[in-house]
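Reader: Hi! I've just opened this one and could use a friendly tour. Where shall we start?
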Amino acid sequence: MRAEDERFLKGEAQYVGDLELPELLHAAFVRSIYAHGRIAAIDADAARAIPGVHAVLTADDVDGLVEPFPMAIRGLEIVLAMHPVLASGRVRYVGEPVALVVADTAALAADAAEAVMVEIEELPAVVDPREAHFASALHDAAPDNILVRARIGDGDVDGAFAAAHTVVRARVVAPRLIAAPIEPRAVLASHDAATDVLTLWLSAQDQHRQLAGLTTVLRRPSERLRIVVPDVGGAFGSKGVPQAETVAVALAALQLGRPVKWVESRTESSLATYQGRGADVDLALALDADGRMLALRARYLGDLGAYLYSTTPVALQTGSMLLTGCYAIPAADVEIAGVCTNKVPTGPYRGAGRPEAALAIERLVDLAAAELGIDAIELRRRNVIRTDAFPYTTPLGFTYDSGDYEGALDAALALAGYDALRAEQERARADGRLAGVGVALYVERAGPGFETAAVHAGADGSVVVRTGSSPHGQGHETTFAQIAADALGVEPGAVEVRWGDSFEIPDGMGTFGSRSATVGGSAVLLACRELRGRLDAGEPLPLEAHSRFELAGPVFASGCYLATVEVDRETGEVEIGRVVAVDDCGRVLNPLLAEGQVAGGV
């Protein structure tokens, strides 16, 4: 069972919003109500005059104190239109932070924010990414409003299309969405003047990427910047890298010499936390007369929003590289364009490119099956990468380490009772009902980068594991305790798992990309094996061992999902009947947690 649940269910968890410090002040943001406009004036005099208001910060107060957010992505041509801490000169999306108000209470700060008068001359907004190329430039450095571009692929695409028996085309859109974790973002900043250490308690996915970005933006070495991540109520990718509000709150604490806290409202989360998806893909697939896939051609358009954060291009890059999916397509040519629009920026969200790619290629496969008159399941069987072909390098640059795509397909069909479902569908359609059975394969990049771990065995029999991975709902405490207990021959309840403090765990990468068990868990295992070896060699307690684990490249999980649906002819309402999920995720460390992750995803 999950070891961490009791404190959450009893209300004993410690989120950033629960934390209090002496002389604590509270912050609220003034945000743009326009998608695009020129800032004519900001009048904060009335707000500053309110008793209990300690500061109102605008771009003029912060721009000389910070560096731009760093870009973490390589391999693409990128215009570094990074998000400002506070809007300067122009606003480019509804919800963009324009000013920060600091007051004695959160309510007073919110009231005072209403008193800040912002005069904006509204400008035309770019909403449709397909029209952005023809609109006026949102950034001088990107006259065509393209912030990210690349072209990837290999093989004779032109020759394959010229020789093809059939070519199918489609436009597939994966619309933007909001992450909406149960706990919105939160920051508590406190500066110790005696040591010149700035401590930031953050609702974040990990301390490492926050530390790496904030040392740059705040011009502060890591030994004078401490990041602490306490309990976190969800993230789904939206709390991965530093964002503008964190920097503004930190600067306020430095300027005022008192702790400052900001807890995002649900409305703010919907307005300003970076969003996910936003892919618009045109694809064409060439096939021979037997239904063998010969080549893929695509233009992958990403709606990136008004600015870039450090990992904004991730979904665009990963999604385009996964467009061939589970199929042995020998040639591909993909043009990548990340477009600037007057919307909140995007960033990694649950799979970050993998769902978009799966949606695109699987839709195309279904269209090809209909065009060729071949059963959609049979067309997939003819084209999936065979188990003896791994490691398999795709024409888009990924090397899949392993997989059994046909096995996943067979398992899903058996689990669902596929033949019976099709017979039921035929009967429903004979009665005039719109019933459907959908099947989709996917392949997922996982486990990038390195991770660290340490394990301490005390003379009293206690075991403490410190990990660079950081939980926000996944059950890491349970998983890592299991790994350590198994390796050391103790009960899982005897293992304490610690995380989230850059002073205690200074090196690592964090939690994203389905990497915690694979990479973080492997680091824990290596540290425990070293400790066990030293104990077997007779070294006395207490003992501590450290490890660093890194894969040669990402690993690739995969699976097959099946759904039955019915559409009401009169209303268009979609009723989901059954969903069958088959995930080939490697060794399952905890079946309860694995099933919970799948159920949550569905």
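Author: Happy to help! This is a predicted model. A good place to begin is an open sheet of 7 strands, ordered S3-S6-S1-S13-S10-S11-S12, with mixed pairing.

Reader: Which are the edge strands?
Author: They are S3 (53–57) and S12 (225–228), and each of them pairs on one side only.

Reader: And what does the twist average from one strand to the next?
Author: The average is 20°.

Reader: Which helix packs on the sheet, touching S1?
Author: Helix H4, residues 106–114, packs there and touches S1 (25–31), S3 and S6 (97–103). The direction of H4 makes about 25° with that of S1.

Reader: What does helix H7 lie across?
Author: Helix H7 (residues 244–256) lies across S1, S3, S6, S10, S11 and S13 (260–263). Its run is at about 30° to S10.

Reader: How many bridges join S10 to S11?
Author: There are 6, and the two strands, residues 186–192 and 197–202, run antiparallel. Asp 192 stands opposite Val 197 in S11.

Reader: Changing topic: which residues of helix H11 are buried?
Author: In H11 (residues 376–383) they are Ala 376, Ile 377, Leu 379, Arg 380 and Asn 383. Seen down the helix axis, these buried residues fall within an arc of 160°, so they line one face of H11.

Reader: Nice! What covers them?
Author: The cover includes strands S14 (279–287), S15 (293–305) and S19 (434–446), along with helices H10 (354–372), H12 (405–416) and H13 (418–430).

Reader: Last one: what caps the N-terminal end of H11?
Author: That's Asp 375, with a side-chain oxygen 2.9 Å from the backbone nitrogen of Ile 377.

Note on methods. Residues numbered from 1 in each chain as written. Predicted model: local features only at pLDDT ≥ 70, side-chain atom pairs only at ≥ 80, totals over all residues. Heavy atoms only, no water. Buried < 20%, exposed > 50% of the residue type's maximum accessible area, 1.4 Å probe, protein only. Helix = DSSP H or I, 4+ residues; strand = E, 2+ residues; numbered from the N terminus. Arc of directions from axis to C-beta. Contact = heavy atoms within 4.5 Å. Polar contact = N/O pair within 3.5 Å; in protein donor to acceptor, adjacent residues only side chain to side chain. Pairing = 2+ DSSP bridges. Axes fitted to C-alpha atoms, helices over the stretch in contact; angles between N-to-C directions.
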